[in-house]
Amino acid sequence: MQRVVGLLVLTRIWGTELRGVSNALEIAWDRGIKKLLCECDSSVSVNLIHNGTPDYHPYSFIHIREFLNRDWIVKIYHVWREANGVADMLARTTSLG
């Protein structure tokens, strides 16, 4: 039972990461940005983005690949959480309540 609960929590985290990337891509596209570097501190999410998700995957509905195939230059890469100042600040703010 604990493994299933842990998997559900991790799956939600990855889903949140993927939604964040998807939202960022949508905002950048809508603002007309033609070159974008996107940092993500979840290596699992970056791998899912680069390698795609099978149709049965829970996050196959997040159409990040469609954004990447548009007429612009987007680089999505992994950064260590400690190097991601925004995420680090948000994590500290959230943990303080």
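This is a short tour of the chain in your viewer, stop by stop, with a suggestion of what to select at each one.

**Stop 1: the whole chain**

Start with everything shown as a cartoon, and keep in mind that this is a predicted model. Colour it by secondary structure and you should find 4 helices and 2 strands. Following the chain from the N terminus, the elements come in the order α-β-α-α-β-α. Now switch to a surface: the chain exposes about 7,200 Å², with 57% of that area supplied by carbon and sulfur atoms. Of the 97 residues, 28% count as buried.

How much of the contact pattern comes from residues 24 or more positions apart? Among contacts with a separation of 6 or more, such pairs account for 79%. Several of the stops below show contacts between residues well separated in number.

**Stop 2: colour by confidence**

Next, colour by pLDDT. The mean for the chain is 75, and 59% of the residues reach 70 or more. Where is confidence lowest, and where is it highest? The low end is helix 4, residues 85–96, with a mean of 62, while strand 2 has the highest mean, at 92.

Then select residues 1–10. Here pLDDT stays under 50, and the model has 0 contacts beyond four places in sequence for this stretch. Where pLDDT is low, the predicted coordinates should not be read in detail. With that in mind, let us move on to the side chains.

**Stop 3: the tryptophan pair**

Select Trp29 and Trp72 and show them as sticks. The whole structure holds 1 aromatic pair, and this is where to see it: the ring centres are 5.2 Å apart and the planes meet at 80°, so the arrangement is edge-to-face. Try rotating the view until you look along one ring plane.

Which parts of the chain does the pair tie together? Trp29 belongs to helix 1 (residues 2–30), whereas Trp72 is in the loop between helix 3 (64–68) and strand 2 (73–78), so the pair links parts that are 43 residues apart in sequence.

Are the two partners buried or exposed? Trp72 has 9% relative accessibility and counts as buried, while Trp29, at 28%, counts as partly exposed. Keep Trp29 on screen and add Arg70: its charged end sits over the ring of Trp29, 5.0 Å from the ring centre.

**Stop 4: the two cysteines**

Now select Cys38 and Cys40. How many disulfides does the whole structure contain? A search finds 0. Why is Cys38 not bonded to Cys40? The sulfur of Cys40 is the closest cysteine sulfur to that of Cys38, but at 6.7 Å it is too far for a bond, because a disulfide needs the two sulfur atoms within 2.5 Å. Seen from the other side, Cys40 is in no disulfide either, with the sulfur of Cys38 as its nearest cysteine sulfur.

Both residues count as buried: Cys38 has 10% relative accessibility and Cys40 has 2%.

**Stop 5: Leu37 and Glu39 in strand 1**

Stay in this area and select Leu37, which is placed in strand 1 (residues 35–40). Is Leu37 buried or exposed? With 60% relative accessibility, Leu37 counts as exposed. Show Lys75 and Tyr77 as well: leaving aside neighbours within four places in sequence, these are the residues that Leu37 contacts. Draw a distance from Leu37 to Lys75, C-alpha to C-alpha, and it should read 4.9 Å, although the two are 38 residues apart in sequence.

Glu39 is also in strand 1, and at 42% relative accessibility it counts as partly exposed. Setting aside residues up to four places away in sequence, Glu39 touches Tyr77 and Val79. For one more distance, try Glu39 to Trp80: their C-alpha atoms are separated by 9.3 Å, with their positions 41 residues apart along the chain.

**Stop 6: Leu68 in helix 3**

For the last selection, go to Leu68, which lies in helix 3. Which residues does Leu68 contact, once neighbours within four places in sequence are left aside? Show Leu25, Ile49, Val74 and Ile76 as sticks, and you have them. Finally, add His50: Leu68 and His50 are 18 residues apart in sequence, and their C-alpha atoms are 9.7 Å apart in space.

Definitions and conventions: Residues numbered from 1 in each chain as written. Heavy atoms only, no water. Buried < 20%, exposed > 50% of the residue type's maximum accessible area, 1.4 Å probe, protein only. Phe/Tyr/Trp six-rings, centres within 6.5 Å; stacked < 30°, edge-to-face > 60°. Lys NZ or Arg CZ within 6 Å of the ring centre and 35° of its normal. pLDDT = per-residue confidence, 0-100. Contact = heavy atoms within 4.5 Å. Areas by Shrake-Rupley, 256 points an atom, 1.4 Å probe, with all protein chains shown as cover.
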